[in-house]
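Work through the exercises below with the model open beside you. Try each task before reading its solution.

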Amino acid sequence: MAKRRYFGTDGVRGRVGTSPITPAEVLHLGWAAGRVLGAGHARGRVIIGKDTRISGYLLESALEAGLSAAGVDIALTGPLPTPGIAYLTRQVGACGGIVISASHNPYHDNGIKFFSESGKKLDDETEGAIDALMSEPMSTVGPEALGKAERLIDALPRYAEHCRNTLPPGVRLDGLKVAVDCANGAAYQVGPLVLRELGAEVTGTGIEPDGFNINRESGSTYPQTLCQLVKECGADVGIAFDGDADRVVLSDAQGRLVDGDGILFILSQYRHQRGDCEGVVGTLMTNLGVEVACEAQGIKFVRARVGDRFVLEELLSRNWTLGGETSGHILSLDRSTTGDGLVAALAVLEVMQKTGKSLAELVEHLQVFPQELVNVSTEHPRPAELLDQPLVTEAVKSCEKQLGSQGRVVLRASGTEPLIRVMVEGEDSARVGELARVLADQIRAVG
């Protein structure tokens, strides 16, 4: 596959005002995407959604102009979770969907994510075709063929209805007190709305976006705010989304965090009891406790590379439905085509309501293995090459021997920074920390 200039692991992302997130480049990107996504359609239409960043207005206008120049119509939703755009793209028969968001990053970053007409993230071939067109000069269709833009005024209620309908008939949240932190992001309206429509008593925070406060000391990447809110308002459970609401983490009634690993454990065990869970896909970073718990029940467990697109690829290749990441990207392909924080949260609330158990009770049998993460900075031009150095490989073998079958070592080069990420996991916290430091020192010695 040819090296791509613009696309990273999840669309195009960067600091606003610097390449590639400049008005001129995003205009060109809109045109390129329109050419590729609209190919084969007599009059294609692309849906554009966004989170609450101030730069969303700028980038939305640039994308709209580029798509129009390519002869593609545009439907604007305004602020809506990333999975909401995936759903609507498929539901209204659009030829593609675009989300303007940098997910859990601070407000000064932004990005462009794409969905195919089926509501799935673009495959490498399609991304490559758009990337290649960025090197060609823009052209404009004739005036009679220019794309038109409209506001999709019922986008939020359509997506809200979809989320409610992912619960089985008759399942409601009456009697449940829920605290929700929407990170001042894309779920600030729809998250509390859906929970209340299902009968929950909701206390919300992170629901007053101003264009600058998205993810600021809030949301799934800063769960302290949620855990404190749960204790203050006496909620039964807490829910925290990230800026574009494709991630979710939870808090139990005592203010203890339940991350994506805990959510994956709950859903896999519940589905297994119903005879509906052949296998689960985690990542290299999923806690060993989830794998042990799955294997104890006869549930197959495999690990994908870090990144929800790799989890999705593994699920599709095996025809499984459940997978996710520690960060809270949870995929339930029987309910959504992509990671959906609100749908995942509702699935856990469903388990609580159907079993009568609290969140704490649902995770009490998950053995969370101690895990030590160390980021090692390096000036090596190709950090991944350090992982093949004899001193490093021998150190890894030594650590794995000491950990035995109840432990793991994961070394990986960061895709965005000059770092080697060291993760050691095992039964003994002190030993895990010691081995992680030994590995980090060996990498520094060769790097």
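This model is predicted.

**Exercise 1. Two hairpins**

Task: Find how many bridges join strand E9 to E10, and in which sense the two strands run.

Solution.
- Step 1. Start at strand E9, residues 237-241. It is joined to E10 by 4 bridges, and the two run antiparallel.
- Step 2. Pick out one pair. Ile-239 has Leu-250 in E10 as its bridge partner.
- Step 3. Look at the link. E9 and E10 form a hairpin, with 6 residues between them. In the turn, Ala-245 has a positive phi of about 65°.
- Step 4. Move on along the chain. E10 also pairs with strand E11, residues 257-258, over 2 bridges in the antiparallel sense. Here Ser-251 is matched with Leu-257 of E11.
- Step 5. Check the second turn. The hairpin of E10 and E11 has 5 residues between the strands, and Gly-255 takes a positive phi near 80°.

Task: Which residues of strand E10 lie on each side, and are they buried or exposed?

Solution.
- Step 1. Take residues 248-251, the span of E10.
- Step 2. Sort them by side. Val-248 and Leu-250 are on one side; Val-249 and Ser-251 are on the other.
- Step 3. Read the burial. These four residues are all buried, so both faces of E10 are covered.

**Exercise 2. An open sheet**

Task: Give the strand order of the open sheet of 4 strands, and explain why its edge strands each have a side without a neighbour.

Solution.
- Step 1. Write the order: E13-E12-E14-E15, with mixed pairing.
- Step 2. Go to the edges. Strand E13 (300-304) and strand E15 (330-332) each have a single partner strand, so one side of each has no neighbour in the sheet.
- Step 3. Add the turn. Neighbouring strands of this sheet are turned by 15° against each other on average, direction ignored.
- Step 4. Inspect one pairing. Strand E12 (residues 279-283) and E13 run parallel and are joined by 5 bridges. Val-281 finds its bridge partner in Val-302 of E13.
- Step 5. Find what lies across the sheet. Helix H8, residues 260-273, lies across E12, E14 and E15. H8 runs at about 170° to E14, which spans 322-324.

**Exercise 3. One residue in strand E12**

Task: Is Val-280 buried or exposed, and which residues is it in contact with beyond its neighbours within four places in sequence?

Solution.
- Step 1. Place the residue. Val-280 lies in strand E12.
- Step 2. Apply the cut-off. Buried means under 20% relative accessible area. Val-280 has 0%, so it is buried.
- Step 3. List the contacts. Val-280 is in contact with Leu-264, Ser-268, Cys-294, Ile-299, Lys-300, Phe-301, Val-302, Trp-320 and Leu-322.
- Step 4. Add a distance. The C-alpha atoms of Val-280 and Glu-291 are separated by 8.9 Å, and the two residues are 11 apart along the chain.

**Exercise 4. Empty space**

Rolling a probe the size of a water molecule over the atoms shows where empty space is left.

Task: How many cavities of 30 Å³ or more does the structure hold, and what lines them?

Solution.
- Step 1. Count them: there are 2.
- Step 2. Take the largest cavity, with about 70 Å³ of space. Its lining is Thr-9, Asp-10, Gly-11, Lys-113, Phe-114, Lys-121, Leu-122, Glu-127 and Arg-309. These divide into 2 nonpolar, 2 polar and 5 charged residues.
- Step 3. Take the second largest cavity, with about 50 Å³. Its lining is Leu-267, Tyr-270, Arg-271, Arg-274, Arg-335, Ala-347, Glu-350 and Val-351. H8 and H11 are the elements that give two or more residues to this lining. The split is 4 nonpolar, no polar and 4 charged.

Task: Which element gives the largest share of the lining of the second largest pocket?

Solution.
- Step 1. Note the volume of this pocket, about 300 Å³.
- Step 2. Look at the lining. It has 17 residues, and Phe-265, Gln-269, Gln-273, Leu-362 and His-365 lie nearest the centre.
- Step 3. Name the elements that give two or more residues: H8, helix H9 (288-296), helix H11 (341-355) and helix H12 (359-363).
- Step 4. Choose among them. H8 gives the largest share, 5 residues.
- Step 5. Close with the make-up of the lining: 8 nonpolar, 7 polar and 2 charged.

Definitions and conventions: Residues numbered from 1 in each chain as written. Predicted model: local features only at pLDDT ≥ 70, side-chain atom pairs only at ≥ 80, totals over all residues. Heavy atoms only, no water. Pairing = 2+ DSSP bridges. Axes fitted to C-alpha atoms, helices over the stretch in contact; angles between N-to-C directions. Contact = heavy atoms within 4.5 Å. Buried < 20%, exposed > 50% of the residue type's maximum accessible area, 1.4 Å probe, protein only. 1 Å grid on protein atoms, 1.4 Å probe; cavity = no way out; pocket = protein on both sides within 12 Å on 5 of 7 lines; lining within 4 Å. Points joined across faces, edges and corners; volume = space filled by probe spheres on them. Nonpolar A, V, L, I, M, F, W, Y, C, P; charged D, E, K, R; others polar.
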